[in-house]
Amino acid sequence: MARLALFVWFSLALEAQVTNSLLNNEIKGINKTEQMPKNTNASIIHALNDLNEISDFKTTAAPVLSNNKTMTETQTLQERDKKPEDKAHQSERAGTRLRELACPPLGLESLRVRDSQLSASPSQRTGLGPQRGRLNIQSGLDDGDEYDGAWCASVKDRNQWLQVDALRPTLFTGVILQGRNSIWSWDWVESYKVQISNDSETWTTCMNGTVEAVFKGNNDLETPVLGRLPVPMVGQFLRINPQSWFINGSVCLRAEVLGCPLPDPDHLEPVTTDHLDFRHHNYNEMRKLMKEVHDQCPDITRIYTIGKSDAGLKLYVMEISDNPGKHELGEPEFRYVAGMHGNEVLGRELVLNLMQYICREYKKNNERIVRLVKLTRIHLLPSMNPDGYERAYEKGSELSGWAEGRYSDGIDMNHNFPDLNNIMWDEKEMAVDKSKVSNHYIPLPEYYTFENATIAPETRAVISWMQVIPFVLSANLHGGELVVTYPYDCTRNWVPQADTPPPDEGFFRWLAMVYASSNRVMANPDRRLCHYEDFQTQHNNIINGADWHTLPGSMNDFSYLHTNCFEVTVELSCDKFPHASELPVEWENNKESLLLYMEQVHRGIKGLVRDKETKAGISDAIIKVKDLDHDVRTAADGDFWRLLNPGEYAVTAWAEGYFPSTRKCQVGPEPRPSLCGFVLTKTPQQRALDARTKGKKSAKDLQVRLRDEQVRKLRVSTKRLNQRRMRQQKKSQPTRAQRKR
Ligand SMILES: [Zn+2]
């Protein structure tokens, strides 16, 4: 009964909404509760509330316009009435429309819908079978293998179909269609009908009034197009039935289906018991959430910014530590960076969830979290590319496609960092004594510090940040695959793909394995591959970055070669922009991995390097581990961290003006660092020099001086660039909005 009533209400509400939209030629941000008929009985309201949990109803996001002015929905509508429609308004309308989708995707893209739930009329071949008819699925470089970029019917007529079995009664509200992913063939469906069935035998065609509804499909390969059912329909099966297609192509499509599973007591148990803010947060909402976390936990949090994006949005960082705002002697620094590709949004939400979770659990005295916060200084950058994110967000989780929002002003930040690998390798090749070539702390190349170097402001900001804080461990959160990659990302000799292990390969593989083996999706042996590459059975979900594909100038390699910090990349999900309804389960999939990975910062050895006489810490002292061709350096107060797998190591500490000192250090299997400190004695030459330059600080070694100098130059050129950009922005926007700001 409740189901029927619910369906009737849905039909009425949505029908009213569609009519309204047609009348106004506008789809408004309607508050669903206001629309509810006054005499609705309590059980329906209850059922609706249950549905709200799984759908996007509650999202009443205020879109950020291109001029960075936030408006409420009402303001937006008023403005629209006054002004002729421009591009910004169009994309904003698309965003509003997507947030309006009453029901979430069934999960063809996210793989929640399994291959066995998809069937079709005869396909061209296995690689173009129904299991490939998923929104945003990517084909390999060569067509013709098992993993092609669409479902393609073998016959070109109007009797072909792709069928989805929702496994239970479902209220279907729409279909999203996309062409075939291929660089060789052009295939897409231009129009289609939709049929619904309860038993997959008797089918009802979706109607638009008294005629069968014909939905507009695609006119290119990649842009997803939403077809909303004029009247939502209940059934278990849905068929997409192509009516016309690109004239020179085949009947090929990728799709997502929107539907609300009807209330079923067995399926209503929550997927997580953590009550976090599970939805997509645009720039303003992200800022608000971070402020809320800070207000709730002022003693252990601090918000700061590391710079601005190309469009002037701030790059916010949440710091979590028992003494926020300062580096504590011996306490390692950790960072998560998310959203380098603006359209890969899961990392951003997970990092926002993580800060809420840590704050709450700390207050509840959760022993594990309290220990983590007391022993670690954590930095969380949820959005490295906020401009790209806003573009993807405006289109929404299903309509942003595969690449919208990836770049910042045309720059892919994933290879925008200086390529230090080749500098180091070239030097080693030329050097007579290869052991003399520095294997760490490599300075930026000169050209990189120029004002006209093609470096995104976001990349510049992150480089400066990495230089200021003595980070020990980091992960760079991406999306679109399920795999963890570790350095090097760049191959030697410009080979497109080759295993290129760094000296610390052993520890990097451990790090990657920690994340991959505790991630609930990656660790599931029955998972299917995301697109066409089998990282699971062939690589155990971890791979050397360069062995996947070469990537000169990656953040991971830069972090390892320019700073002390070890960094891996986590590809978090097949779907780059999962629907909001997937966020609770994604949190559960990743929660343990996110925590466990942070805890790895406490492995290996740590200690203090001090002057024998003054007992003061020595900064920039080099820590060398025998047979590991990668050194690290002490931080400003002389403390250091060297990540290592269990074992016994001969460790040498050395600093400019001191005699080197070597000792044995033992690393155990337990996740806590072994203490391994050093006391260094000054050389007689240095003593003499000190006597002459009394009171002055002792000289830094050449490598550090050069590195500091290049970063200083980079900052100067960045400052000049920012000033110029601000002047240009002021000139081009002498509007009312500008003055108001
Ligand atoms: Zn990415």
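Two strands pair if DSSP finds at least two bridges between them. Keep that rule at hand. The model is predicted.

**Exercise 1. The four-strand sheet**

Find the order of the strands in the open sheet of four strands, and say which strands are at its edges.

*Solution.*
Step 1. Trace the pairs across the sheet. The order is 21-20-23-24, and the pairing is antiparallel.
Step 2. Look for strands that pair on one side only. These edge strands are strand 21 (628-633) and strand 24 (661-667).
Step 3. Take one pair inside the sheet. Strand 20 (residues 622-625) and strand 23 (residues 647-654) are antiparallel and share four bridges. In this pair, I622 faces W654 of strand 23.
Step 4. Check the twist. Ignoring direction, neighbouring strands are turned by 30 degrees against each other on average.

**Exercise 2. The eight-strand sheet**

Work out the strand order of the open sheet of eight strands, and explain why one side of each edge strand has no neighbour in the sheet.

*Solution.*
Step 1. Read the order across: 11-12-14-13-15-18-16-17, with mixed pairing.
Step 2. Find the ends. Strand 11 and strand 17 each have a single partner strand, so one side of each has no neighbour in the sheet.
Step 3. Add the twist, which averages 20 degrees from one strand to the next.
Step 4. See what lies on the sheet. Helix 15 packs there and touches strand 15 (471-478) and strand 18 (566-571). The direction of helix 15 makes about 170 degrees with that of strand 18.

**Exercise 3. A hairpin at the edge**

Describe how strand 11 and strand 12 pair, and what sits in the turn.

*Solution.*
Step 1. Strand 11 (residues 301-308) pairs with strand 12 in the antiparallel sense, over six bridges.
Step 2. Name some partners. I303 stands opposite M318 of strand 12. K308 has K314 as its bridge partner.
Step 3. Look at the link. The two strands form a hairpin with five residues between them. In the turn, G312 has a positive phi of about 95 degrees.

**Exercise 4. Two helices that cross**

Are helix 10 and helix 15 parallel, antiparallel, perpendicular or oblique to each other?

*Solution.*
Step 1. Take the geometry. The axes of helix 10 (residues 420-430) and helix 15 (residues 555-562) come within 9 Å and cross at roughly 50 degrees.
Step 2. Compare with the cut-offs. Under 35 degrees is roughly parallel, over 145 roughly antiparallel, and 65 to 115 roughly perpendicular; the rest is oblique. The two helices are therefore oblique.
Step 3. List the contact. Helix 10 gives L420, N421 and M424; helix 15 gives D557, F558, L561 and H562.
Step 4. Sort these residues by type. Four are nonpolar, two polar and one charged.

**Exercise 5. Helix faces**

Which residues of helix 8 are buried, and which are exposed on the other side?

*Solution.*
Step 1. In helix 8 (residues 367-375), I369, L372 and V373 are buried.
Step 2. Look down the axis. The buried residues fall within an arc of 95 degrees, so they line one face of the helix.
Step 3. Turn to the other side of helix 8, where E367 and R371 are exposed.
Step 4. Find the packing partners of the buried residues. They are strand 12 (314-320), helix 7 (346-363) and helix 16 (583-599).
Step 5. Now look at helix 9. There, 10 of the 10 residues are buried, so helix 9 is largely enclosed by the rest of the structure.

**Exercise 6. Unusual backbone**

Most residues other than glycine have a negative phi, and most peptide bonds are trans. Find which peptide bond is cis, and where positive phi values occur at D409 and N540.

*Solution.*
Step 1. The bond joining P487 and Y488 is cis, with omega about -5 degrees. Y488 is in the loop between strand 16 (483-486) and helix 12 (505-518).
Step 2. P502 lies in that loop, between strand 16 and helix 12. The C-alpha atoms of P502 and Y488 are 5.8 Å apart, though the residues are 14 apart along the chain. P502 is buried, with 25 C-beta neighbours inside 10 Å.
Step 3. D409 has a positive phi near 50 degrees. This residue is in the loop between helix 9 (386-395) and helix 10. D409 is partly exposed, as 14 C-beta neighbours lie inside 10 Å.
Step 4. N540 has a positive phi near 60 degrees. Its loop joins helix 13 (535-539) and strand 17 (542-544). N540 is partly exposed, with 17 other C-beta atoms within 10 Å.

Definitions and conventions:
Residues numbered from 1 in each chain as written. Predicted model: local features only at pLDDT ≥ 70, side-chain atom pairs only at ≥ 80, totals over all residues. Axes fitted to C-alpha atoms, helices over the stretch in contact; angles between N-to-C directions. Contact = placed C-beta atoms within 7 Å. Nonpolar A, V, L, I, M, F, W, Y, C, P; charged D, E, K, R; others polar. Buried ≥ 20, exposed ≤ 12 C-beta atoms within 10 Å, placed from the backbone. Arc of directions from axis to C-beta.
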